[in-house]
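Welcome! Please take a moment to look over the sequence and the 3D view before reading on.

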Amino acid sequence: MRATFVLLLTALAAAISIAGDLSPKDLVAQLYQAHSSKHDPLDETALLGRYFDPALLQLYLKDKREAKGEVGRLHGDPLYNAQDREIKDFSVSAPEMAGGEARVTVNFKNLGKPARVVFMLSRAANGWKISDIRYDDGSSLKKILEGKL
């Protein structure tokens, strides 16, 4: 009886864990939603670990630390690849899956011009995490953060 009870509790815990795991699309959408709130993860970097994988998080925090409150390697909003924003027609695509990785494309118009941002995500023990953000101009968040200050 006790073994059955333990097995039932283990199955229930696993089901709750899976249900609480955000899909790649939901994670990206949640990041954009949080970005427009008063608790923006890009400003409150303690929250950024929910979204970025450890390598990207380290690069982002290093840039903030080395910038010492000034402009660092990033010269604009990394979620829109822009300094000025007037966003319309915003959409988040279903993920393209390949092994333990996913690609989520975000399309929008900024200042009337079409734009696209592609999120690269990898599966971690604690859910999906963003490993890079790629932009239409060929750059990526990781490349920018790895560059010279």
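Rings of Phe, Tyr and Trp (for Trp, the six-membered ring) count as a pair if their centres lie within 6.5 Å. By that rule, ring pairs join Tyr32, Tyr80, Phe90, Phe108 and Phe119 into a cluster. Keep in mind that this is a predicted model. The points below go from the whole chain to some of its details.

**The chain as a whole**

- The secondary structure of the chain consists of four helices and five strands.
- Starting at the N terminus, the order of the elements is α-α-α-β-β-β-β-β-α.
- The chain has 149 residues, and 36% of them are buried.
- About 9,300 Å² of the chain is exposed, with 55% of that area supplied by carbon and sulfur atoms.
- Among contacts with a separation of 6 or more, 43% are between residues 24 or more positions apart.

**Aromatic pairs**

- A pair of aromatic rings is described by two things, the distance of the centres and the angle of the planes.
- How many aromatic pairs does the structure hold? There are six aromatic pairs.
- One of them is formed by Tyr32 and Phe119: the ring centres are 5.8 Å apart and the planes stand at 75 degrees, so this pair is edge-to-face.
- Tyr32 belongs to helix H2 (residues 24-35) and Phe119 to strand E4 (residues 113-124), so the pair ties together parts that lie 87 residues apart in sequence.
- Tyr32 has a relative accessible area of 5% and is buried; Phe119, at 0% relative accessibility, also counts as buried.
- Tyr80 and Phe108 make another edge-to-face pair, with 5.2 Å from centre to centre and 80 degrees between the planes.
- This second pair links distant parts of the chain, 28 residues apart: Tyr80 is in the loop between H3 and strand E1 (87-92), while Phe108 is in strand E3 (residues 101-110).
- Are Tyr80 and Phe108 buried or exposed? Both Tyr80 and Phe108 are buried.

**The largest pocket**

- The largest pocket has a volume of about 290 Å³.
- Its lining is made up of 16 residues, and those nearest the centre of the pocket are Tyr60, Lys64, Leu74, Gly76 and Pro78.
- Which element gives the largest share of this lining? Helix H3 (residues 54-67) does, with four residues.
- Sorted by character, the lining residues of the largest pocket are six nonpolar, four polar and six charged.

**Leu141 and its surroundings**

- Leu141 is part of helix H4 (residues 141-146), and Leu141 is buried, with a relative accessible area of 0%.
- Leaving out residues up to four places away in sequence, Leu141 touches Phe52, Leu56, Leu74, Pro78, Asp132, Ile133 and Tyr135.
- Two of these names may look familiar: Leu74 and Pro78 are also among the residues nearest the centre of the largest pocket.
- Leu141 and Asn81 are 60 residues apart along the chain, and their C-alpha atoms are separated by 9.0 Å.

**Two residues with a positive phi**

- Asn81 has a positive phi of about 50 degrees, although Asn81 is not a glycine.
- You can find Asn81 in the loop between H3 and E1; at 37% relative accessibility, Asn81 counts as partly exposed.
- Asp89, which is not a glycine either, has a positive phi of about 50 degrees.
- Asp89 sits in strand E1 and is exposed, with a relative accessible area of 54%.

Conventions: Residues are numbered from 1 along each chain as its sequence is written. This is a predicted model: local features need pLDDT of at least 70, side-chain atom pairs count only at pLDDT 80 or more; totals for chains, interfaces and linings use all residues. Side-chain values use heavy atoms; hydrogens and water are left out. On a 1 Å grid over the protein atoms alone, a cavity is a set of points where a 1.4 Å probe fits but cannot get out, and a pocket is an open set with protein on both sides within 12 Å along at least five of seven lines; lining residues have an atom within 4 Å of a point. Grid points are joined across faces, edges and corners, and a volume is the space filled by probe spheres set on the points. Helices (H or I, at least four residues) and strands (E, at least two) are DSSP runs, numbered from the N terminus. Ala, Val, Leu, Ile, Met, Phe, Trp, Tyr, Cys and Pro count as nonpolar, Asp, Glu, Lys and Arg as charged, and the others, Gly among them, as polar. Rings of Phe, Tyr and Trp (its six-membered ring) pair if their centres lie within 6.5 Å; planes under 30 degrees apart count as stacked, over 60 as edge-to-face and the rest as tilted. Buried means under 20% relative accessible area, exposed over 50%, partly exposed in between (1.4 Å probe, protein chains only). Contact means heavy atoms within 4.5 Å. Accessible areas come from the Shrake-Rupley method with a 1.4 Å probe; for residues, only the protein chains shown count as cover.
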